[in-house]
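Got your viewer open? Here's a short tour of places to click on and what you'll find at each stop.

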Amino acid sequence: METSFSNSEQQKFASTLQSFKENRQNPIVLEELLSDAAVLIDQNKLELLFDLAGEYDQSGIFEGGPWENPRKLQPPLVGGSFKIDGNYSILEVLSELRVLAIAKGTYNHPNLSADEARDFLNKIMALNLHLIFPPETEEARINQGQVQKRGLLLFQFLSNQLSLGALSSTFINEIDRLTAQRPIMVGRIKEMIGYAENLLSSEDLGAEGRVSIQRYHDSVNAPTKLSKSYPDFITYKSQFNALSDMEKELEAEKFADVMRETGLVAPIQAKLVRLLAEEDATNLLVLTLGLTEKGEANLNEHFTLVKQLISLAIHPSTAQSLYGLARMLERGVLSSPPVIPGLERMIEIDMLPEVEKDLLASRNDPDDITPVGILLSGILSVLGQPLGIGQGMNPTCQSARGISLWSQHDPGFLLELVARACRDGEVDISFEGAEINSSLIAGGLAPDLHKELDAVSLILVPHLDRVYDEMMKRSSLRGEDGHKFVNPEFYGQWISKEFSSVLNPVTGAVADYDHFARLFYATHHPDFNEGHQLIYPNPVGIFVTTANADLLGLHAISIQRITSDPSGETRVYFYNPNNDSGQDWGQGIKSTVRNHGEEEGEASLPFDQFLARVYAYHYNPNEMGDLSIIPNELIDRVSTLAKESWGQKYQWTDLANPFLI
């Protein structure tokens with residue numbers, strides 16, 4: 001095969017491959033060949049390696065290893081190669097490119113047919129959907145090193161080379177699961193819809209799959225028959241104005257139905273809403289947003305302000321904020337006394353140049369929208385979807401949790417923080433009587449913020465991150481878990497000061513776990529805490545585990561409520577800021593986001609399964625039942641789940657922890 005090489009890295013790989021053919025027994029040459037391949041992989045030049053697949057396979061590069069015979073390759077083992085340092089990821093990429101060449105008929109292999117190769121690739125793609133559409137989860141954030149990135153590059157390449165029709169049900173289920181969570185940031189969902197759109201031309205796509213994919217495609221492009229027929233808005237506007245009053249109402253209702261059904265908004269809906277607001281067509285605006293009587297009353301009462309917000313913040317590039325606006329009106333947020341003055345101040349705010357720069361950089365297609373408009377679009381989303389706030393690829397779950405809580409219970413305070421950050425480049429939060437100013441401290445868990453965030457988080461999280469970190473530093477020498485002192489000060493008066501942790505902060509060992517679990521039952525389970533329900537979200541620390549129940553790390557979430565699901569099982573409904581709440585934590589513990597009574601943005605687990613991953617929580621001692629009546633079998637079940645998962649990384653002792661309250 002004659003191949004041209006356009007740069008030195010490509011020439012070097014070709015030269016080293018020739019040397020390896022001539023001296024296969026020299027391990028140094030093999031290492032050099034793999035190193036050269038790694039350079040091309042990391043530069044995303046897989047096309048070249050694909051073209052040379054037959055040559056490097058026949059050279060003996062896989063000889064003596066697990067990749068030698070492609071017929072013996074095991075699909076479930078492929079993903080693991082991108083979790084191990086060394087040459088595993090390089091050889092895995094080269095092996096899959098070889099199988100792809102066989103599948104496409106550019107390389108004939110004596111032990112594997114083209115059909116068998118395609119079947120193998122379909123299986124590994126179905127098993128590694130997270131590498132085709134990488135999730136923004138805690139596990140992904142922690143593990144995303146160079147080895148992981150090679151897996152992402154490989155599967156993106158495979159998805160571009162192969163028909164994904166056979167995977168349509170997997171795609172659709174994943175999109176269903178993600179949209180059910182109603183995130184503010186929907187870039188990943190739209191990217192998946194874009195991939196799924198390619199399946200519409202696939203011959204092996206079933207009728208049901210075709211309908212589902214078309215529904216999502218329409219939801220982000222043209223949700224109605226009229227908008228599909230006239231994608232140019234000038235023409236659409238003319239056609240819309242020609243409709244009868246009843247037809248206009250039906251058109252508006254269709255937009256709302258699709259938005260409420262999927263949580264997604266098409267740019268043309270933003271254009272229509274701008275038009276209706278300009279024309280003071282409140283009746284059609286109510287229908288287009290899908291408002292109930294409560295939302296309609298809120299809109300009518302504050303129409304002048306809402307009209308101004310639409311003019312500034314709702315553009316095709318910020319169309320998704322329409323869903324936030326609708327939910328904000330449904331929540332009646334504008335009726336909270338500090339909110340309207342807070343929003344009016346944001347409209348007139350004099351931003352720092354660096355803040356304006358960050359906001360403008362956050363939009364790929366800014367239209368004519370101003371930095372203030374971008375910020376307001378984010379505020380609409382955050383005030384409307386407090387459980388849709390995500391931390392992105394940042395270790396800032398505490399900050400996201402704070403923004404979510406304030407959005408729910410103190411939106412005026414949240415707007416004050418945003419104003420300070422935009423105008424002054426700082427925020428102040430009191431810690432035990434002393435003000436902590438974010439501009440006067442360094443550090444934080446995310447000094448280099450990954451900026452794929454909603455506009456509010458983009459501006460506010462760097463300040464909150466530093467303040468929370470500083471509070472933890474000031475609590476570090478007290479002989480107790482610092483979260484006990486920090487959370488009530490950082491989040492506010494809603495957080496109980498009483499606190500229990502499973503870990504002894506001095507020894508690091510698990511101490512008196514039975515008491516820890518029994519106390520959680522007595523303070524949180526409605527059957528054992530005298531029927532007290534949560535009024536405000538309760539910040540909780542959990543152990544994050546993999547699907548194999550291996551410990552990944554610690555994570556901050558909030559319990560929203562605890563109640564019976566439709567089947568009568570007691571479940572914990574919680575807010576998880578890590579962007580994807582429907583996860584497999586091992587031992588059959590799979591958090592769900594739908595079909596078990598979850599409200600928008602919530603995840604849930606059965607009570608005992610949730611407790612098995614908790615390491616710290618706050619509680620109200622005045623709303624506590626009798627610890628002695630908690631059945632031992634409940635505690636034993638939770639304890640077993642804990643010991644056989646994250647507990648394997650810790651020493652356990654039966655001695656009571658003197659620092660637990």
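Start by selecting Ala549: this residue is buried, with a relative accessible area of 6%. Keep in mind as you go that the model is predicted. Ala549 belongs to the loop between β5 (538-545) and β6 (551-564). Check its backbone while you're there: phi is near 70°, a positive value in a residue other than glycine.

Next, jump to Glu432, another non-glycine residue with a positive phi, here near 55°. You'll find Glu432 in the loop between β1 (428-431) and β2 (434-437). Is Glu432 buried or partly exposed? It counts as partly exposed, because its relative accessible area is 44%, and the partly exposed class runs between 20% and 50%.

One more loop residue: select Gln391, between α24 (371-384) and α25 (397-409). Gln391 is buried, at a relative accessible area of 2%. Show Asn394 as well, and you'll see the Gln391 side chain reaching the backbone oxygen of Asn394 at 2.5 Å.

**Rings and charges**

Now colour the aromatics. The structure holds 28 aromatic pairs. For one of them, pick Trp494 and Tyr536: their rings are tilted, with 6.1 Å centre to centre and 55° between the planes. This pair links distant parts of the chain, 42 residues apart: Trp494 is in the loop between α28 (483-491) and β3 (498-501), while Tyr536 is in the loop between α29 (513-524) and β5. Trp494 is buried, with 16% relative accessible area, whereas Tyr536 is partly exposed at 34%.

Then select Tyr521 and Phe528. What kind of aromatic pair do Tyr521 and Phe528 form? They're edge-to-face, with 5.9 Å between centres and 75° between the planes. Tyr521 is buried at 2% relative accessible area, and Phe528 also counts as buried, at 14%.

Two arginines are worth a click as well. Show Arg478 with Phe485: the charged end of Arg478 sits over the Phe485 ring, 4.7 Å from its centre. Then move to Arg561, whose charged end sits over the ring of Tyr573, 4.0 Å from the centre of that ring.

**Empty space**

Switch on a surface for the last stops. How many cavities of 30 Å³ or more does the structure hold? There are 2, and the largest encloses about 280 Å³ of space. To centre your view on that largest cavity, select Gln181, Pro183, Met185, Asn579 and Asp580, the closest to its centre of the 22 residues in its lining. Helix α12 (residues 187-197) gives the most to this lining, with 3 residues. By type, the lining of the largest cavity splits into 9 nonpolar, 8 polar and 5 charged residues.

Finish at the second largest pocket, which has a volume of about 840 Å³. Of its 29 lining residues, Met185, Ser317, Ser362, Arg363 and Asn364 are the closest to the centre. Met185 may look familiar: it is also among the residues closest to the centre of the largest cavity.

Now highlight α12, α23 (353-361), α24 and α27 (455-474), the elements that give two or more residues to the lining of this pocket. Which of these gives the most? That's α24, with 4 residues. Colour the pocket lining by type and you'll get 11 nonpolar, 10 polar and 8 charged residues.

Definitions and conventions
Residues numbered from 1 in each chain as written. Predicted model: local features only at pLDDT ≥ 70, side-chain atom pairs only at ≥ 80, totals over all residues. Heavy atoms only, no water. Buried < 20%, exposed > 50% of the residue type's maximum accessible area, 1.4 Å probe, protein only. Polar contact = N/O pair within 3.5 Å; in protein donor to acceptor, adjacent residues only side chain to side chain. 1 Å grid on protein atoms, 1.4 Å probe; cavity = no way out; pocket = protein on both sides within 12 Å on 5 of 7 lines; lining within 4 Å. Points joined across faces, edges and corners; volume = space filled by probe spheres on them. Nonpolar A, V, L, I, M, F, W, Y, C, P; charged D, E, K, R; others polar. Phe/Tyr/Trp six-rings, centres within 6.5 Å; stacked < 30°, edge-to-face > 60°. Lys NZ or Arg CZ within 6 Å of the ring centre and 35° of its normal.
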